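Biologist: Got a minute to go through this model with me? I'd like to talk about the backbone and the strands.
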Amino acid sequence: VSNVFKNDVSSGESLCPCMPSLKGRLAIDTTPKYWSDIRKEDFSIHLKNGHFWQTQCRARQHLAIIIPFRDRESHLKIFLNHIHPILQRQLHNYGIYVVEQANNDEFNRGALINIGYLEAIKDHSDYSCVIFHDVDMLPEDDRNLYNCLDHPKHLTVLINKSNYRLYYRTYFGGAGAIKSDVFEEINGMSNSFYGWGGEDDDLYNRLKSHGYKILRSSKVSRYTMLNHTEADAAPSRFNLLRMGTRRSKYDGLNSLRYKLLSTKRDKLYTKFRVTFKKSN
Ligand code: NGS
């Protein structure tokens, strides 16, 4: 366990301001990148293993940014290049965790986010805020704050692909911020959704059934989505959704069985390569 948040660099006495100085609307660079180009960028000398800690002031929150991942290296480079400077301007302490599914089953976004959370808190027990983030979503405005409030916050509200309209009222896909204790209270996400669709709606239902509402700050929550081929929708998703809140007690963080195959520490991220078995 590295100790980047507790090192000797003075973190200043006073708390960081709630409203840091930001740029507002941002230019979006979606051109393909080489790793060497991104590493050359001087994001900060304090960036290591995808972890960054403030030195000017005491950060208000420690964010575990969790990216469910498979076969999207070109997107990962564009995403990391874009997101690091934003998170640093927003004055957070944060760690970026890429969780790569090694088994060949259909992609399981929920299980990957759960695994990312469990491994992240093993890495640093002081993460107070979980941010789940699809790798293809680029924030267009840095006033869209990546932090946790008492109720979960949806980040990817207005996406270029949908002409900057919310998909539907209960949509909670893309990226969102949930306090760690709330994420544990709802037993994380379901591990049962293999293939495209539904796991984000199930998360919404879990939160709702525990009395949480979803917060959105619509004007600044604008995103550019990177292009990719669409996955096939999973036929099982509607049945799973119907039984979702009843299943939530025993399908989630407490029922995960997985193997951590490797941990890769890069300047820009920590990557967990994991495998898990599909039951039935
Ligand atoms: C819904 C899916 C969600 C998905 C959303 C937006 O229909 O998982 O579309 O998809 N729910 C079900 O299938 C039950 S998107 O347009 O981003 O591809 O997130």
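Modeller: Sure. One cut-off before we start: a residue counts as exposed if 12 or fewer other C-beta atoms lie within 10 Å of its own. And keep in mind that this is a predicted model.

Biologist: OK. So is Asp71 exposed or buried?
Modeller: Exposed, because Asp71 has 10 C-beta neighbours inside 10 Å.

Biologist: Where does Asp71 sit?
Modeller: In the loop between strand S2 (62-69) and helix H2 (73-89). Its phi is positive, about 55 degrees, although Asp71 is not a glycine.

Biologist: What sign does phi have in most residues other than glycine?
Modeller: Negative, for most of them.

Biologist: And what about phi of Asn163?
Modeller: Asn163 isn't a glycine either, and its phi is positive, near 55 degrees. You'll find Asn163 in the loop between S7 and strand S8 (175-179). Asn163 counts as exposed because 7 other C-beta atoms lie within 10 Å.

Biologist: Switching to the sheet: in what order do the three strands come?
Modeller: S5-S9-S7, in an open sheet with mixed pairing. Strand S5 (137-139) and strand S7 (158-159) each have a single partner strand, so they stand at the edges and one side of each has no neighbour in the sheet.

Biologist: How many bridges join S7 to S9?
Modeller: Two, and S7 runs parallel to strand S9, which covers residues 222-225.

Biologist: Which residue in S9 is opposite Leu158?
Modeller: That's Arg222.

How values were computed: Residues numbered from 1 in each chain as written. Predicted model: local features only at pLDDT ≥ 70, side-chain atom pairs only at ≥ 80, totals over all residues. Pairing = 2+ DSSP bridges. Helix = DSSP H or I, 4+ residues; strand = E, 2+ residues; numbered from the N terminus. Buried ≥ 20, exposed ≤ 12 C-beta atoms within 10 Å, placed from the backbone.
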